[in-house]
Amino acid sequence: MRRAVCPGSFDPITNGHLDIIERASKLYDVVHVAVAINKSKQGLFTVEERIALIEETTAKYGNIVVESHAGLLVDFCRDRGIPAIIKGLRAVSDFDYELQMAQMNHGLTGVETLFVPTSPTWSFLSSSLVKEVASYGGDVSHLLPELVNRRLVERIAERRG
Ligand code: PNS
């Protein structure tokens, strides 16, 4: 089985993430989606909720395994026999940090990082921006799967009380 991992925070998953996961799913037998547990960053959705949203929106691809991970991504890869990390690049501004991480990860265990250019349709898109716009009542329904948009609107309303 040829395996790859798409890592991220996915708070929540957007159409930009789905674009990369779908394309990875066509290149590999199994694509692991690794949801990072970041104790220092309070998310809008819990890790369990993010996993459920990813599972529901990627089920159609048929070869996606969604898991959380708390430690180093290279350990996640080593434990599962995953030789490749897939990262979407939206713009040159992503490149500096992504290159650093790719070189660090390769130096640690030899794991490769493959960069996929994000579809221009989603090149401006990030979970943080989506949350900010939605929190002020802006419509982000064209940027998210329908289910995710629904849960996002609900969550923001809950937070407002
Ligand atoms: O969606 P994000 O927040 O840009 O994702 C970043 C993420 C989670 C992919 C990256 O920070 C990560 O893999 N963290 C796990 C910890 C780790 O391996 N750190 C060293 C990176 S060189």
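# A guided tour, starting at the paired strands

Select residues 30-36 and 64-69 to begin: these are strands β2 and β3, which pair in the parallel sense over six bridges. What you have on screen is a predicted model, so treat the tour as a walk through a prediction.

**Stop 1: across from β2 to β3**

Stay with this pair and pick out single residues. Click on V35, and you will find S68 of β3 standing opposite. Now click on A36, whose bridge partner in β3 is H69.

Next, bring in helix α2, residues 47-58. Together, β2, α2 and β3 make a right-handed β-α-β unit. Try following the path from β2 over the helix to β3.

**Stop 2: the other side of the story, β1**

Now select residues 3-8, which form strand β1. Six bridges join β1 to β2, and the two strands run parallel. For a closer look, select P7 and A34: P7 stands opposite A34 in β2.

Add helix α1, residues 15-27, to your selection. You now have a right-handed β-α-β unit made of β1, α1 and β2.

Is strand β2 largely enclosed or largely open? Six of its seven residues are buried, so the rest of the structure largely encloses β2.

**Stop 3: step back to the whole chain**

Clear your selection and colour the chain by secondary structure. How many helices and strands does the protein chain have? The count is six helices and five strands. Reading along the sequence, you meet them in the pattern β-α-β-α-β-α-β-α-β-α-α. The radius of gyration is 16 Å, close to the 15 Å that the globule rule gives for 161 residues, so the chain is as compact as a globular protein of that length.

Rotate the view to take in the dimensions. Along its principal axes, the C-alpha trace spans about 45 × 30 × 30 Å. Of the 161 residues in the chain, 46% are buried.

**Stop 4: a salt bridge between a strand and a helix**

Time to look at charges. Side chains of opposite charge can pair when their charged atoms come close. The structure holds 12 salt bridges, and we will visit some of them.

Show the side chains of K87 and E98. They meet in a salt bridge, with 2.9 Å from N to O. K87 lies in strand β4 (residues 84-89) and E98 in helix α4, so this pair ties together parts that are 11 residues apart in sequence.

Are these two residues buried or exposed? K87 counts as buried, at 14% relative accessibility. E98 counts as buried too, at 13%.

**Stop 5: two salt bridges within helix α6**

Select residues 146-160 to show helix α6. Turn on the side chains of R150 and E146, which meet in a salt bridge of 3.6 Å, N to O. Both residues lie in α6, four residues apart, about one turn of the helix. R150 is partly exposed, with a relative accessibility of 45%, while E146 is exposed at 64%.

Stay on α6 and switch to E158 and R155. Their side chains form a salt bridge of 3.0 Å, N to O. These residues are three apart, again about one turn of the helix. E158 is exposed, with a relative accessible area of 51%, whereas R155 counts as buried at 13% relative accessibility.

**Stop 6: a network of charges**

Now select D11, R50 and K131 together. What links these residues? They are joined in a network of salt bridges.

**Stop 7: a nonpolar patch on the surface**

For the last stop, switch on the surface and select L72, M104 and L108. These residues form a nonpolar patch on the surface, and together they have about 300 Å² of accessible area.

Zoom in on L108, which lies in helix α4, residues 92-109. At 44% relative accessibility, L108 counts as partly exposed. You have met α4 already: E98, the partner of K87, lies in this helix.

**Before you close the viewer**

Return to residues 30-36 for a final look. Strand β2 pairs in parallel with β1 and also with β3, and six of its seven residues are buried.

Conventions:
Residues numbered from 1 in each chain as written. Predicted model: local features only at pLDDT ≥ 70, side-chain atom pairs only at ≥ 80, totals over all residues. Heavy atoms only, no water. Buried < 20%, exposed > 50% of the residue type's maximum accessible area, 1.4 Å probe, protein only. Pairing = 2+ DSSP bridges. Right-handed = clockwise from strand over helix to strand, strands pointing away. Patch = residues over 30% accessible without salt bridge, like charges linked within 9 Å, V, L, I, M, F, W, Y side chains within 5 Å. Areas by Shrake-Rupley, 256 points an atom, 1.4 Å probe, with all protein chains shown as cover. Salt bridge = Lys/Arg side-chain N within 4 Å of Asp/Glu carboxyl O. Rg over C-alpha atoms; globule rule 2.2 N^0.38 Å.
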